[in-house]
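Work through the exercises below with the sequence and the model open. Each one sets a task and then solves it step by step.

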Amino acid sequence: MASVAFKDVRKAFGTVEVLHGVSIDIEEGEFVVLVGPSGCGKSTLLRMLAGLEHVSAGEIIIGERVVNALPPKERDIAMVFQNYALYPHITVAENMGFSLTLKGVSKAEIAERVRPAAEILGLSHLLDRYPRQLSGGQRQRVAMGRAIVREPQVFLFDEPLSNLDAKLRVSMRSEMKNLHQRLKTTTVYVTHDQIEAMTMADKIVVMHDGEVAQVGAPLELYDRPNNLFVAGFIGSPAMNFLTGTIDANDRQRFSTGNGVALPVGRPGEAKAGSELIYGVRPESFRLGGDVPLTVDVVEPTGSETHVLARLGETPVTCVFRERISAKPGEEIRVGIDEASVHVFDAKTGERVSA
């Protein structure tokens, strides 16, 4: 295991800078997820850590070594890509031990290292098969096994579950988290899927336009986003946003442009009269209250009911545990858990509520 640190790392392609001074500290044994929309720079950062991209400025440190000038093979890392990249003409066992074969490790030692990795990943009965005889999930396990047998200081994963179907992605998330808990190897994982990030990470790094928007534990980012981007990106369905102002006569009331007053439990530094954004998560609504909504669509999922509605002309999404019989066009009245309300400055996007 080794710690990883990015110190004011920048990356430019020609005159276009895509990473603008990224600084991140990753402790030994942590499972850290870099998450953000396409083009935010997360995969570029991972490739720079792997040595596959040149660092334009700043330092990347693995353990005690600055690795900027080191080639990939000397960084003691193992990377798993979105594409499994298995050799089709050799068996699972040979694929898993291929990097050791290149190093001249004896067949007996390779077998000794492949066997426990295969047991951990449930591949013991598949070692004599070829990649074409495996399912997508099994191929991904083989790619992970190939990384494990190298016994690296750091695992790197670049959207490894993107090619799997939805059900298999869910099971593989659990398997990968289990694997990390057993091996305790420092892991840096890139994804655009915030559900993957929330369920797997010890620490999440949210990236936006080549910069770090926020770093924290999954529930810390969910409960207390620092800005509008993180608030809208973390959580599914996404947070609802309404524009308005804090009531000058009652700082615990937020007046929307639709003339509706909404509760604010902790207004913090929000200034009365200034333009603000009110954020409320879909699951923070409850049936029964004084906030009127006009129903547009009702989506029963079984355990929950999603209601797409309008507060005045502003669309909002609500998630209720109860089953409701509301029809499109009908009005329902809801309450809001004021303790979970977020308020942001409309100009800067920064959080202002306590």
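**Exercise 1. Classify both partners of the salt bridge between Arg47 and Glu53 as buried, partly exposed or exposed.**

Step 1. Glu53 has a relative accessible area of 22%, which makes it partly exposed. The cut-offs matter here: buried means under 20% and exposed means over 50%.
Step 2. Arg47 has a relative accessibility of 28%, so it too counts as partly exposed.
Step 3. The two side chains meet with an N to O distance of 3.5 Å. This is a predicted model, and the structure holds 14 salt bridges.

**Exercise 2. Describe where the partners of the salt bridge between Glu151 and Arg113 lie, and how accessible each one is.**

Step 1. The closest N and O atoms of Glu151 and Arg113 are 3.8 Å apart.
Step 2. Glu151 sits in the loop between helix H5 (136-148) and strand E7 (154-158), while Arg113 belongs to helix H4 (residues 107-121). The pair links distant parts of the chain, 38 residues apart.
Step 3. Glu151 is exposed, at 56% relative accessibility. Arg113, at 18%, is buried.

**Exercise 3. Work out which parts of the chain are tied together by the salt bridge between Asp202 and Lys177.**

Step 1. The side chains of Asp202 and Lys177 meet at 3.2 Å, N to O.
Step 2. Asp202 lies in the loop between helix H7 (194-200) and strand E9 (203-208), and Lys177 lies in helix H6 (residues 166-183), so the salt bridge ties together parts that are 25 residues apart in sequence.
Step 3. Asp202 is partly exposed at 34% relative accessibility, whereas Lys177 is buried at 16%.
Step 4. Salt bridges can also share partners: Asp8, Arg10 and Glu17 are joined into one network in this way.

**Exercise 4. Locate Glu74 and give its distance from Gly51.**

Step 1. Glu74 is found in the loop between strand E5 (65-66) and strand E6 (77-80).
Step 2. With 41% relative accessibility, Glu74 counts as partly exposed.
Step 3. From C-alpha to C-alpha, Glu74 and Gly51 are 9.4 Å apart, with a separation of 23 residues in sequence.

**Exercise 5. Examine the largest nonpolar core and the surroundings of Tyr189.**

Step 1. The largest nonpolar core contains 43 residues, and Met96 and Tyr189 have the most contacts inside it.
Step 2. Beyond its neighbours within four places in sequence, Tyr189 is in contact with residues including Phe31, Val32, Val33 and Leu34. Its other contacts include Phe157, Pro160, Leu161, Met176 and Met200, as well as Glu196.
Step 3. A general tendency applies: in soluble globular proteins, nonpolar side chains tend to be buried together.

**Exercise 6. Characterise the contact between domain 1 and domain 2.**

Step 1. Domain 1 covers 4-229 and domain 2 covers 237-345. Their centres, taken over C-alpha atoms, are separated by 39 Å. Each side of the contact contributes 7 residues.
Step 2. The two domains bury about 550 Å² between them, with 62% of it on carbon and sulfur atoms. On the domain 1 side, Tyr222, Pro225 and Leu228 supply 86% of the area buried against domain 2, more than any other three residues.
Step 3. Between the domains there are 0 salt bridges and 2 residue pairs in polar contact. Helix H8 (residues 218-223) gives the most to the side of domain 1 that touches domain 2, with 3 residues.

Key: Residues are numbered from 1 along each chain as its sequence is written. This is a predicted model: local features need pLDDT of at least 70, side-chain atom pairs count only at pLDDT 80 or more; totals for chains, interfaces and linings use all residues. Side-chain values use heavy atoms; hydrogens and water are left out. A nonpolar core is a set of buried Ala, Val, Leu, Ile, Met, Phe, Trp, Tyr and Cys residues joined through side-chain atoms within 4.5 Å. Buried means under 20% relative accessible area, exposed over 50%, partly exposed in between (1.4 Å probe, protein chains only). Contact means heavy atoms within 4.5 Å. Domain bounds come from an automatic or database domain assignment. Buried area is the accessible area (1.4 Å probe) that two parts lose on being put together, summed over both. A salt bridge is a side-chain nitrogen of Lys or Arg within 4 Å of a carboxyl oxygen of Asp or Glu. A polar contact is a pair of N or O atoms within 3.5 Å; within protein, one must be able to donate a hydrogen and the other to accept it, and residues adjacent in sequence count only if both atoms are side-chain atoms. Helices (H or I, at least four residues) and strands (E, at least two) are DSSP runs, numbered from the N terminus.
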